[in-house]
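Subject: Structure for you to look at

Hi,

Here is the structure I promised to pass on. Could you open it and follow along with my notes?

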Amino acid sequence: MQWRDGLIGGLATLALVAAADPAGWRFSAPIQVQQDAPLVQLPLTPSAYGRSQLSGLADLRIVDARGERVPFAFLAPRDAEITTTEQTREAAMYALPQRPAANGEWSVPLEIIVQGERITIKRGGATTAAQAMLGAAAHSGGWVFDLGRRTSADPPTQSLRLAWSAPGEFSAGFDLQTSDDLRQWRGAGSGQLLALASPTGPLTQPTVLLPANVARFVRLVWLEPTSAPTLTRAEALAQRPLATPLDAPTELVLAPTPAPAPGLRTVATDEPKHALHFDLGAVLPVVQLDLQLGAGTRVAPVRLQGRSRADAPWRELAPAVFYRFERGGAVSVSPPLALRTELRFLRVVPDERSAALDPAQTHLAVQAQLTRLVFARQGEAPFTLWAGAAQPGPGALPLATLVPQLDEERPRFGRATLGAWSEVAAVARQAETAEQLAALRPWLLWAVLLVGVAALALMVWRLMRAPAAGA
């Protein structure tokens, strides 16, 4: 019968595939060495991840022109290097009188207006800026500095850098106090300013160190007002840390793809309304996502979902709000979303209370931290990268084995790039046949089961008829 012939043919094909070489390499790409060295570094591309069939890139191999194995190791991306940059801004200055009042408290020549969390500072009475500077020139008892209102994104002020006009040489000690509201003051240490002349040039100490998490207002009181300098300017200094990636991630900008059609092995789920789908082309180590919106002012609250295989269920990644504002010709956009995960498919689900995203004007910018290979330049050039074997056996060496002194050798690494991929037709056909058989395997098992049930029923029928025939 036809079904029996088809079953026998399918089982025969399955046997032939099983007997084939399990370590057949399906893809290959030339390695182009641009800077020669005993050890060469090769950055992997998203296409290399797409050709790999095993997790962790376990099926990658490097061979030389004779097909001999070339030792290599995975070179993990280096963490970001933390540096600091100095930020300065001018601090407002207010002169204090020469000495405290009889009750021992300083009379601050300022008018304070408190409105909720907002504090407005004005000079009290008819005091003008010129009069304040004139008072400073007359050796005031100290100064009040306004560091300004700080947001959560601003680094804390760490010091004040002062400038003065006279005298040429001095040494002046001071006490520091800080306050949030100019009413309650707390001690913040002491220090000294100095200016000395020498044959090699002036020696100055203009910096006032501030305590950690200093308040908005700083009061500096001279210990000896007669020896104090005449201040003319104050700058607030802060150190902002900057993270510079030593191995920069790879950026991919993707357009939406059609929603995948449900198949035999696809998990059936209700598709959210107006959802956008993106295919990265391979399971990539993602470190950052950004949704690029079309022109105009747009706000898009969304939920991000991801998965590594088309037949896997979606998993929740993170909620996010992406925006684009246009103000007087200037455009401000939302910061990228930091998200460390591995995925291939991403689904963007808009909030039901917001407008749908236009697929023609919406793109996904992905930052993927791809790994690198380092291989020993031994054997005969050119070198080739292989990928796509089902059972490849042992692959990369431990990095410490290939490069025992990594920190010393890293600056001397050569450089290489990966060329275009090619596919072995015979291995591709074998892989396609295996995929087809994997899809047919449940039907073949059902067919075998039905044949067994039919054979069992036939045997029972014959046994039931056997006594009647003997009689």
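Below is what I found, going from the sheet to salt bridges and rings. Please keep in mind that this is a predicted model.

Let me start with the sheet. Six strands form an open, antiparallel sheet in the order S6-S9-S15-S11-S12-S13. The edges are taken by S6 (92–95) and S13 (203–205); each has a single partner strand, so one side of each has no neighbour in the sheet. On average, and ignoring direction, neighbouring strands here are turned by 20° against each other. Within the sheet, S9 (residues 142–146) and S15 (residues 217–222) run antiparallel and are joined by 5 bridges. Val144 has Arg219 in S15 as its bridge partner. Arg219 is worth a second look, as it also lies over the face of Trp185, 4.2 Å from the ring centre.

A similar arrangement involves Arg51, whose charged end sits over the ring of Phe27 at 5.7 Å from the ring's centre.

On to the salt bridges, of which there are 16. One of them pairs Glu423 with Arg26, at 2.7 Å from N to O. This pair connects distant parts of the chain, 397 residues apart: Glu423 belongs to strand S27 (residues 422–423), and Arg26 to the loop between helix H1 (2–19) and strand S1 (27–35). Arg26 counts as buried because its relative accessibility is 15%, under the 20% limit, while Glu423 is partly exposed at 43%.

Asp36 and Arg377 also meet in a salt bridge, again with 2.7 Å from N to O. Asp36 sits in the loop between S1 and S2 (39–43) and Arg377 in the loop between S24 (372–376) and S25 (383–387), so this pair ties together parts that are 341 residues apart in sequence. Here Asp36 is exposed, with a relative accessible area of 53%, and Arg377 is partly exposed at 32%.

Then there is Glu235, which forms a salt bridge with Arg233, their closest N and O atoms being 3.2 Å apart. Glu235 is buried at 17%, whereas Arg233 is partly exposed at 40%. Through shared partners, salt bridges join Glu86, Arg161, Arg233 and Glu235 into one network.

Finally, the aromatic pairs: the structure has 5. Among them, Tyr323 and Phe325 are stacked, with 4.8 Å between centres and 15° between planes. Both partners are partly exposed, Tyr323 at 27% and Phe325 at 24%. Phe375 and Phe383 form a tilted pair, 5.6 Å centre to centre with 55° between the planes, and both of these residues are buried.

Happy browsing, and best wishes!

How values were computed. Residues are numbered from 1 along each chain as its sequence is written. This is a predicted model: local features need pLDDT of at least 70, side-chain atom pairs count only at pLDDT 80 or more; totals for chains, interfaces and linings use all residues. Side-chain values use heavy atoms; hydrogens and water are left out. Rings of Phe, Tyr and Trp (its six-membered ring) pair if their centres lie within 6.5 Å; planes under 30 degrees apart count as stacked, over 60 as edge-to-face and the rest as tilted. Buried means under 20% relative accessible area, exposed over 50%, partly exposed in between (1.4 Å probe, protein chains only). A charge sits over a ring if NZ of Lys or CZ of Arg is within 6 Å of the ring centre and within 35 degrees of the ring normal. Two strands pair if DSSP finds at least two bridges between them. Helices (H or I, at least four residues) and strands (E, at least two) are DSSP runs, numbered from the N terminus. Axes are lines fitted to C-alpha atoms, for helices over the stretch in contact, and angles run from 0 to 180 degrees between N-to-C directions. A salt bridge is a side-chain nitrogen of Lys or Arg within 4 Å of a carboxyl oxygen of Asp or Glu.
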